[in-house]
Each structure stands twice: as structure tokens, then as C-alpha cells.
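The following exercises are to be worked with the sequence and the coordinates at hand. Each task is followed by a stepwise solution.

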Amino acid sequence: MISFSNINKQYGKQLLFVDASFQLNPGEKVGLVGPNGAGKTTLFRMVVGEEAPDEGAVSVPRKITIGYFRQDVEEMQGRSVLDEAIAGSGRVGNLHHELEALHQEMSDPDKTDEMDRILERFGHVQEEYEHLGGYALESQAREVLHGLGFKDDQIDGDVGALSGGWKMRVALARVLLGMPDVLLMDEPTNHLDIESIIWLEKFLKSFPGALLMTSHDREFMNRLVSKIAEIDGGEIITYSGNYDFYERERAIRETNQQAAFARQQSMLAKEQRFIDRFRTHAAKAAQVQSRIKALDKIEKIELPKKRQVVKFDFRVPPRSGEQVAVLENLHKSYGPRVIYEGFNLTIRRGERWAVMGRNGAGKTTLLKMIAGASAPDAGNVRLGASLYMGYFAQQSLDVLNPDLTVIEQLQQDFPQDGLGVLRNLAGAFQFSGDDVDKKIRALSGGEKSRLAIARMLYNPPNFLVLDEPTNHLDLATKEMLVDALKDFEGTMIFVSHDRTFLRGLGSRVLELGGENGTDRHPTVYPGSYVEYVQKLGHEAPGIYS
């Protein structure tokens, strides 16, 4: 369907693709992987014609439709959320908006003289709209928007009033409603909660077209794709399987390549010793020349690039008291909306609470009250003895100094520690080489999150309160964080939409909102997140497997 044939692409001195080839076939679901800057976004842009290869060919059949979800959402205003979502549904969406405009013209007294033309056009548009199934479009749009977490009042409200994250969801709905032949998706789960991720998973499983996507969500990738395309050293290498299969096969491939490299190096050294020994012997001159020519013709095997995640030994936090936090008779409302009504919870040393709940159930509110960033309307939060709290929320990024570099921020925070130790800390969170000299103002959201978490964990508190700590983190950093926190000897309460994080760390589950999202009395499950899923048969409140 879509093919890349021997493409070359270079930006300045950076080679992205060198004689790379790849094909996306009808109905295939493919995960696109590779380190930051490898060329994943460039590949997407070449498919939609926004960029062209320097050499080689990108073949895209003329008649196929392509939906491209990207991270840079354009300005949205002047429409309802529903109308903005419908705007992306191709020809049907265009007809929907033309019908809306014609309705307005038909009721405009200044357009009386043009009424014959307007009515004729209305008839043609309505006929085509009905033929294409347009009258089912609004219900389809509402279904998709509900799946992505929107409530009815939001769907009918002004799209311009939404935050950036919610506008990303509208952009995603618009692409899905178009039902294109090919979906290109760049990190579609970045701004979604777990309920919306699971809904999207089910939608894409039944999507009949081809899918090419990047994702930092291992579980999402594993459940959807049957092929991985890896951009590595200018090549596009394909693996037939999901992400876990790719990791295993890549490790085997690296091991085999290292063994082949070692064998070739041994052979080359042996030949070179022969050449050096007999270079001046007239009787061996012909053999020496023959071996020199043979060596020149050998294609040299390169040592595979090791993508190592830097391990960092985080310090052991001081021991807290047995009771870490006691929440007594908490009440919290926002206007007429009651979030908590007489809520009680005791968090004990060593427990790791995963807080589950749909949008608006009060997850962030709870963490804010525990962290002291928000006060309950009634009741109180008592923190235990010898407690040192670390609170991570998206607002944590605001305390970073935009005028400092990454390494300067760490030196300012930890002036007693040496540069080497701080570079190792930065490296553990994927800041390597020149990355440590980047200004904080130039960092992406994910990079700022990594830096904020690094600062918090370097001298670890004994009570971690984490609100979506994995947002924007790549797979390698996310898994390093899970590994580091598995050995954490303190207490945790966290909200996360990442199932790897939930499975790896949740030893207790607090479910807010109940099945219908309106229960003001949260439910405590004393077992782990894994046991919670096994017992209830769902991975998040209201989502059933």
C-alpha cells in the first residue's frame, strides 16, 4: 500500500535514513520505534507529503485516505466540541458543516433573493450527506467523544474553553471519525487516562484500515501491533510480532552481531599478523598482496550500538512512623458537585496505593489534600511522625528555573555533590552527553518531567505522592523508574494511567467513584493492582474485560 524504497534523508550532518526501505500493507498494525531524533516523525511527514526524501521514493496510492494524529494540536475555537470533532470526518464532515451553513442562510432575511439557489444546493448536499450515512455521524461522534472521556456538557460546549490536553483528545476524535484507510498516530495515549486508553485500544483493534503508530505505552503497543518497524542507524528493520517479541529478537540479534563482530576481529587480527610478519619476505610477497586485497574487499561488521539505560543507586530514605497519613471524615465539594463525603483512609508505612477512578472522581483532589496543596472543606489529614514528603504533579515543573541548564539546576539543588555524581543522576533519566547543557526553557514536557522526578528521588523522601509521574516519559525511562521504585523502602500513593507502572508498584488499590462514577464512598481493595484486575475483571473503574 505505502512503500519506502531506498530512501535517503539528511538534516545538516545528521543522517536519518540511508538506503532505507519499508512497506505498510493494507490492514497491518505496525509499531514504529527508535530513539529520539531517529526520524519517526520525519517518516510520518514523508507519508503525508509534508517532506520528501533526498533520494529514493515514497509511494502512496492516490485514492487512499490518510488520518494523521500528531502532538502539535492546532488552534481550536468558534465551534462546539462536537462540530470540531466532525470537521475531521472527510467528505461527510464537510457536508455536515455545509448543511449547517445552508440552514443559517435559509433563515437569513437578507438572503431572500438567493433562496432558489440555496434550496437547490441544500437538496444536492442533503442527498449526498444521506447517501454517505451522514445522519449517523453525530451519534458516532458522541460515541467516540464519550469513549475519550468527554461528558455531554463538554461535547456541546465551546472547544475554545478546553485545555491543551483536552484539545488533543478532540483532535484524536476528529482523526478517528474520518475512518481513513491509513492511520498515522504519534503517541496517541499521551493525554489520555486509563479508561480512555482502554477504549481506544478496543476501537483500534476493530479498525479495518492500516495503522502505523509510535507509543511509549508498552501494554498498548503489545495489544495492538503485529509488527514492529525500528529505525536504527539509518535503516528500517522490521520484526514480525508485538513489542515484547521485538525486544527479545533485538537482544538475540545484538548478541549474534557481537559474536560475528568478535569472530571477524579475530580473523582480521590473524591476517594482519601474517601481513606484518611476511611483508618484507620476497618469497611470501604474492601471498601478502593477495591477503591485503582480500581484506580490502571484506565488508566490515560493525559493533551494534548498545542502548543502555544508566542505573542509579538511589539512597535509602529515612524510616517513617507506622502511620504515614490518616484521613478522617473528609468532605470536599466544588460548587454543587460533591467529591468526598465523610471519607476515611489510613496509609501505613511501606504501602503503595494506586488510586483509580474516572475523570472527575477526585484522584488529583485527594493527592492535593494529602500533600497540603488543597484543604478539605471538613475533616482533616494527619501526617505521621518523621515524615519527609515528595509530591510530584504537573505543577512541579513550574519550580524549575528556565534560565538554567539541566546540570546547573542539579548543581544548584545539590551543591554538596560532585559533577560526576550529578551527571550519573542526569544520565539515569536519559540526559546524556550535550543534553545536560540544554536550557530548561528549551526542554520538552517529557524532559522537564524527567528532571523534576530526578530531583525528587535523588535524596528520596519516605512518602511519595505522585500524580501521573509517567506522563510523557519514554519507555526506557518509565521502566527505569518502575525498577527504581520497586526497591523504594518508603510509602507511596499515586495516580497513573500506565498499566506497567500500576502492575509493577500497586500493592493496594483505592477505587473512587464506583461503577457509575457517582459513589462518594471510595472502595478499598487490600490486594495488589494485579489481584484487583483478577478479582473484578476490569483494569479501571467502569471498564470491563
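In these exercises, buried means under 20% relative accessible area, exposed means over 50%, and partly exposed lies in between (1.4 Å probe, protein chains only). The model is predicted: local features need pLDDT of at least 70, side-chain atom pairs count only at pLDDT 80 or more, and totals for chains, interfaces and linings use all residues. Residues are numbered from 1 along each chain as its sequence is written, and side-chain values use heavy atoms, with hydrogens and water left out.

**Exercise 1. Salt bridges**

Task: Examine the salt bridges of Glu84, Arg503 and Arg250, and state the burial of the partners.

Solution.
Step 1. A salt bridge is a side-chain nitrogen of Lys or Arg within 4 Å of a carboxyl oxygen of Asp or Glu. The structure holds 38 of them.
Step 2. Glu84 and Arg79 meet through their side chains at 3.8 Å, N to O. Glu84 counts as buried because its relative accessible area is 6%, whereas Arg79, at 34%, is partly exposed.
Step 3. Arg503 and Glu219 form a salt bridge at 2.5 Å, N to O. This pair links distant parts of the chain, with Arg503 in helix 17 (residues 499-505) and Glu219 in helix 9 (residues 218-224), 284 residues apart. Helices (H or I, at least four residues) and strands (E, at least two) are DSSP runs, numbered from the N terminus. Arg503 is partly exposed at 37% relative accessibility; Glu219 is buried at 13%.
Step 4. In the salt bridge between Arg250 and Glu230, the closest N and O atoms are 2.4 Å apart. Arg250 belongs to helix 10 (residues 243-278) and Glu230 to strand 8 (residues 227-232), 20 residues apart. Both residues are buried.
Step 5. Salt bridges that share partners join Lys9, Arg45, Glu50, Glu51, Asp54 and Arg70 into one network.

**Exercise 2. The surroundings of Asp417**

Task: Is Asp417 buried or exposed, and with which side chains does Asp417 make polar contacts?

Solution.
Step 1. Asp417 is placed in the loop between helix 13 (406-413) and helix 14 (419-428).
Step 2. Asp417 counts as buried because its relative accessible area is 19%.
Step 3. A polar contact is a pair of N or O atoms within 3.5 Å; within protein, one must be able to donate a hydrogen and the other to accept it, and residues adjacent in sequence count only if both atoms are side-chain atoms. The side chain of Asp417 makes such contacts with the side chains of Gln416 (3.1 Å) and Tyr458 (3.0 Å).
Step 4. Contact means heavy atoms within 4.5 Å. Apart from neighbours within four places in sequence, Asp417 is in contact with Arg315, Leu422 and Tyr458.

**Exercise 3. An open sheet**

Task: Determine the order of the strands in the sheet that contains strands 10, 11 and 13.

Solution.
Step 1. Two strands pair if DSSP finds at least two bridges between them.
Step 2. The three strands form an open sheet in the order 11-10-13, with antiparallel pairing. Strand 11 (337-348) and strand 13 (378-383) are the edge strands, each pairing on one side only.
Step 3. Strand 10 (residues 323-334) pairs with strand 11 in the antiparallel sense over nine bridges. Lys332 stands opposite Tyr340 in strand 11.
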